[in-house]
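Hello,

Here is the structure I said I would pass on. My notes on its charged side chains and its sheet follow below.

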Amino acid sequence: MIIVSGWLQVEPSRRTEFLSGCREVVEQARAADGCLDFALSADVLEPGRINVYERWASDAQLMAFRGAGPDPDHAAKILASEVSRYRVSATEAA
């Protein structure tokens, strides 16, 4: 399993607009083969922060969905980011 997790920073006044613009991407991701979860959410403490969480069955399925990454208009709105990919070899019930 692959987990993609981290954060994006956008102008606080544009966060709602940014997230609204991501709705179609989230819908497409959740319908994609191998997507186990995909969420972008507003952080409750930092006004310009967006939390990123994705779970994929495999690297190949993640890359088939992701392609070249965000479109240039969306990417231009991201001021900073820290997003990493994690490979999980086992899971346990919490």
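To start with a single residue, Asp43 is buried, at a relative accessible area of 15%. Please keep in mind that this is a predicted model. The side chain of Asp43 forms a salt bridge with that of Arg49, at 3.5 Å from N to O.

Salt bridges

The structure has eight salt bridges, including the one between Asp43 and Arg49. Arg14, Glu17 and Lys77 are linked into one network through salt bridges with shared partners. Within it, the side chains of Glu17 and Arg14 are 3.6 Å apart, N to O. Glu17 is partly exposed at 43% relative accessible area, and Arg14 is partly exposed at 36%.

Glu27 and Arg23 form another salt bridge, at 3.3 Å from N to O. These two residues are four apart in helix H2 (residues 23–31), so about one helical turn separates them. Glu27 is partly exposed, with a relative accessible area of 44%, while Arg23 is exposed at 59%.

A charged residue without a salt bridge

Arg15, in helix H1 (residues 15–21), is buried yet has no salt bridge. Which side chain of opposite charge is nearest to Arg15? It is Asp43, 5.7 Å away. A salt bridge needs a side-chain nitrogen of Lys or Arg within 4 Å of a carboxyl oxygen of Asp or Glu, so this pair does not count as one. The backbone of Asp43 does come into play: its oxygen lies 3.1 Å from a polar atom of the Arg15 side chain. Leaving aside residues up to four places away in sequence, Arg15 touches several others, among them Val10, Glu46, Pro47 and Ile50. Arg49, the salt-bridge partner of Asp43, is also touched by Arg15.

The sheet and its helices

Four strands make an open sheet in the order S2-S3-S1-S4, paired antiparallel. Strand S2 (35–42) and strand S4 (80–87) are at the edges with a single partner strand each, so one side of each has no neighbour in the sheet. On average, neighbouring strands are turned by 10° against each other, direction ignored. Strand S1 (residues 2–9) and S4 run antiparallel and are joined by eight bridges; Ser5 stands opposite Ser84 in S4.

H2 packs on the sheet, where it touches S2 and strand S3 (49–56), and its direction makes about 160° with that of S2. Helix H3 (residues 59–66) lies across S1, S2, S3 and S4, and runs at about 130° to S3.

Regards

Conventions: Residues are numbered from 1 along each chain as its sequence is written. This is a predicted model: local features need pLDDT of at least 70, side-chain atom pairs count only at pLDDT 80 or more; totals for chains, interfaces and linings use all residues. Side-chain values use heavy atoms; hydrogens and water are left out. Buried means under 20% relative accessible area, exposed over 50%, partly exposed in between (1.4 Å probe, protein chains only). Lys and Arg count as positive and Asp and Glu as negative; His and the chain ends are not counted. A polar contact is a pair of N or O atoms within 3.5 Å; within protein, one must be able to donate a hydrogen and the other to accept it, and residues adjacent in sequence count only if both atoms are side-chain atoms. Contact means heavy atoms within 4.5 Å. Two strands pair if DSSP finds at least two bridges between them. Axes are lines fitted to C-alpha atoms, for helices over the stretch in contact, and angles run from 0 to 180 degrees between N-to-C directions.
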